[in-house]
Amino acid sequence: MRLGSRPATLGLLLLCAAAAGAGEAEELHYPQGEHRADYDREALLGGQEEVDEYVKLTPEEQHKRLKSIIEKIDLDSDGFLTESELSSWIQMSFKHYAMQEAKQQFVEYDKNSDASVSWDEYNIQMYDRVIDFDENTALDDAEEESFRLDKKRFEKANQDSGPGLNLEEFIAFEHPEEVDYMAEFVIQEALEEHDKNGDGFVSLEEFLGDYRRDPTAKEDPEWILVEKDRFLNDYDKDADGRLDPQELLSWVVPNNQGIAQEEALHLIEEMDLNSDRKLSEAEILENQDLFLTSEATDYGRQLHDEYFYHDEL
C-alpha cells in the first residue's frame, strides 16, 4: 500500500474533483509516456451526450465561443496567452466545476428541501441509513470508521452551529481545500494520523508510513523512491528533513496548481509555432482541435457553459 502518496483516512475528506485521482488520470492520459489525445476528448467532453452537443454547434458558433474564451484567458489583453495565464485559467476552471458539483450534491443531500443538509441526511445519502457509533469506540468496518472523520469535518464546517449545513458550509465540508477556516482541521487530522512521536512535524519515516525495506532487497522499490523524491523536492521546502504544518498542508490538500502548470506547458509545447513561449489567437485557431481537447477548455465543456464564454465572467 503506498502510504506516502496521501493520508489514508483523509481520502474521503479531500474530494476535489479536479485533483482527485490525479495519478490515475496521469496514467490514462500518458500511458507508457505517450500522450493520448482521445483521452483528452473523452475526459473533457464528458461522454457521448456532450460530444453530440458539441457536434451540433455550427463552426461559426464554435469559433465565436472559442475566441471569447481566449480573450478571457488573456488577462493583460496583449493578444497572447502565456503559461501563467493558461495555468490561472485552468485552476479557475477546476474550482468552478468543483463548486458546481458541490451545489448539485447539496440539492441531492437536502432530502426535505429546507436549504440545509443535516448529519442524518448526509448519512442516508451515503449509506442509506443513519450510522450510530460511540465517539471513543472503533468501528469494525474500515469504511464506516472513516465516517467518524466525516462527522468531525461536518462539525467543523458548521460555523453557525445550526442543525445542518447551509450551502456555503456544505462546500467547506466537501472542499475544505477551498476554505481558509478548514485548513487547521485538515492539518490537525493529518498530524494525528502521521505524527507518531508527537513533535508537531512529519518526518520522512512517518511520511512513508508502515514501509520497511525487505532486508534481502538491494534497494527500495520504485514507488518508495518516487515518494522519497516527492518528500524531498516537492513538500520539504526548507530542506530540514521534516514537514511543518504548512508543508504538510501542501501534501494532504489536493493541489491543482501543478496539474494546471503541466497542462499549460503541454499546450504551449504543442501549439507554439514560432517558439516564443506563448500562444497567439492564430496559433490556437490553427490547433483548435488540440485546444478543445485540453484542460484549458475543460475538454470543450466550456463551449457549452455560459459562465466561460459569456461577455461577463
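**Exercises: helix packing and a buried glycine**

Glu83, Leu86, Ser87, Ile90, Gln91 and Phe94 in α5 meet Asn256, Gln257, Ile259, Ala260, Gln261, Glu263, Ala264, Leu265, Leu267 and Ile268 in α13. Contact here means heavy atoms within 4.5 Å. The model is predicted: local features need pLDDT of at least 70, side-chain atom pairs count only at pLDDT 80 or more, and totals for chains, interfaces and linings use all residues. Residues are numbered from 1 along each chain as its sequence is written, and side-chain values use heavy atoms, without hydrogens and water.

**Exercise 1.** Classify the residues of the α5 contact with α13 as nonpolar, polar or charged.

*Solution.* Count Ala, Val, Leu, Ile, Met, Phe, Trp, Tyr, Cys and Pro as nonpolar, Asp, Glu, Lys and Arg as charged, and the others, Gly among them, as polar. The split is nine nonpolar, five polar and two charged.

**Exercise 2.** Describe how α5 and α13 pack.

*Solution.* Take α5 (residues 83–109) and α13 (residues 256–271): the angle is about 130 degrees, and the axes are 8 Å apart. Therefore α5 is oblique to α13 (under 35 degrees is roughly parallel, over 145 roughly antiparallel, 65 to 115 roughly perpendicular, the rest oblique). The crossing is right-handed.

**Exercise 3.** Place glycine 164 and decide whether it is buried or exposed.

*Solution.* Glycine 164 is found in strand β3 (residues 164–165). Its relative accessibility is 5%, so it counts as buried (buried is under 20%, exposed over 50%, partly exposed in between, with a 1.4 Å probe and protein chains only). Next, find its partners beyond four places in sequence: Ser116, Val117, Ser118, Asn158 and Glu169. Glu169 is itself buried, in α8.

How values were computed. Helix = DSSP H or I, 4+ residues; strand = E, 2+ residues; numbered from the N terminus. Axes fitted to C-alpha atoms, helices over the stretch in contact; angles between N-to-C directions. Left-handed = near helix turned anticlockwise from the far one by under 90°.
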